[in-house]
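Biologist: Can you take me through this one? I'd like the fold to begin with, then the packing, then any odd backbone spots.

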Amino acid sequence: MSITNGKARHVRRSPAWTRVSNIEYIEGATLRRISVRNRASKHQFDAVVLNVSEKQRATQCDSCRHKHRPTNKNCSATLGIRSHASTPGVLYDRHTGKSLGVWAVSDENFIRSATVGTCTYTKV
Ligand SMILES: [Zn+2]
């Protein structure tokens, strides 16, 4: 059980990434994919988060939905460059690459070694 926004809820299994319709942000350095699930305020939101693989971080895959797609021309791995999403704690708009400043992560909930989980982000 986890507490979010004062409400208790039971978390039985990892959220399904295949059901995520939009990926708004990329987390700096970790390159985690962030899909906003609920915006509590302008400065806080709950999200479904995908941890990318070591290989994806090493190759700087920063735009693909899940696995790296070599046909994705917006991906730094395809371009062979270092990702702009390089500062730890900073969130970047997935589509524009624009920085949204530093956000703190709380209530991280990944079941065992699941790659998909939930987090709460709060603007610092
Ligand atoms: Zn990629």
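**Fold, core and backbone**

Modeller: One figure to begin with: of the contacts with a separation of 6 or more, 42% are between residues 24 or more positions apart. Bear in mind that this is a predicted model.

Biologist: How many helices and strands does the protein have?

Modeller: There are 2 helices and 8 strands. Along the sequence the pattern reads β-β-β-β-β-α-α-β-β-β. The radius of gyration is 14 Å, close to the 14 Å from the globule rule for 124 residues, so the protein is as compact as a globular protein of that length.

Biologist: And what does the C-alpha trace span along its principal axes?

Modeller: About 45 × 30 × 20 Å. Buried residues make up 31% of the 124 in the protein.

Biologist: In what order do the strands close into a barrel?

Modeller: The order is β3-β4-β5-β8-β7-β6, which is 6 strands with antiparallel pairing. From one strand to the next, the twist averages 45°.

Biologist: Let's go through some pairs. How many bridges are there between β4 and β5?

Modeller: 7, in the antiparallel sense. The two strands form a hairpin, and 2 residues lie between them. Ser-41 has Gln-44 of β5 as its bridge partner.

Biologist: What about β5 and β8, how do they pair?

Modeller: Antiparallel again, over 7 bridges. There, Phe-45 has Tyr-121 of β8 as its bridge partner.

Biologist: And over how many bridges do β7 and β8 pair?

Modeller: Over 5, also in the antiparallel sense. Ser-106 is bridged to Thr-120 in β8.

Biologist: Back to β5. Is that strand largely enclosed or largely open?

Modeller: Enclosed. Strand β5 covers residues 44–50, and 5 of its 7 residues are buried, so the rest of the structure largely encloses it.

Biologist: Now the packing. Which residues have the most contacts inside the largest nonpolar core?

Modeller: Ile-34, Ala-47, Val-49, Cys-61, Leu-91 and Tyr-121, in a core of 23 residues. Two or more residues each come from β3, β5, β6 (90–93) and β8. The largest share is that of β5, with 5 residues.

Biologist: Pick Leu-91. What is Leu-91 in contact with, leaving aside neighbours within four places in sequence?

Modeller: Tyr-25, Glu-27, Ile-34, Leu-100, Trp-103 and Tyr-121. Of those, Ile-34 and Tyr-121 are also listed among the residues with the most contacts inside the core.

Biologist: Change of topic, the backbone. What is the phi of Leu-31?

Modeller: Positive, about 60°, although Leu-31 is not a glycine. As a rule, most residues other than glycine have a negative phi.

Biologist: Where is Leu-31 found?

Modeller: In the loop between β3 (25–27) and β4 (33–41).

Biologist: Is Leu-31 buried or exposed?

Modeller: Buried. Leu-31 has 25 other C-beta atoms within 10 Å, and 20 or more is the cut-off for that label.

Biologist: And Arg-112, what is its phi?

Modeller: Near 45°, so to speak another positive value in a residue other than glycine. Arg-112 lies in the loop between β7 (99–109) and β8 (116–123).

Biologist: Is Arg-112 buried or exposed?

Modeller: Exposed, with 5 other C-beta atoms within 10 Å. The cut-off for exposed is 12 or fewer. To recap the two loop residues, Leu-31 is buried, whereas Arg-112 is exposed.

Methods: Residues numbered from 1 in each chain as written. Predicted model: local features only at pLDDT ≥ 70, side-chain atom pairs only at ≥ 80, totals over all residues. Helix = DSSP H or I, 4+ residues; strand = E, 2+ residues; numbered from the N terminus. Rg over C-alpha atoms; globule rule 2.2 N^0.38 Å. Contact = placed C-beta atoms within 7 Å. Pairing = 2+ DSSP bridges. Axes fitted to C-alpha atoms, helices over the stretch in contact; angles between N-to-C directions. Core = buried A, V, L, I, M, F, W, Y, C linked by C-beta atoms within 7 Å.
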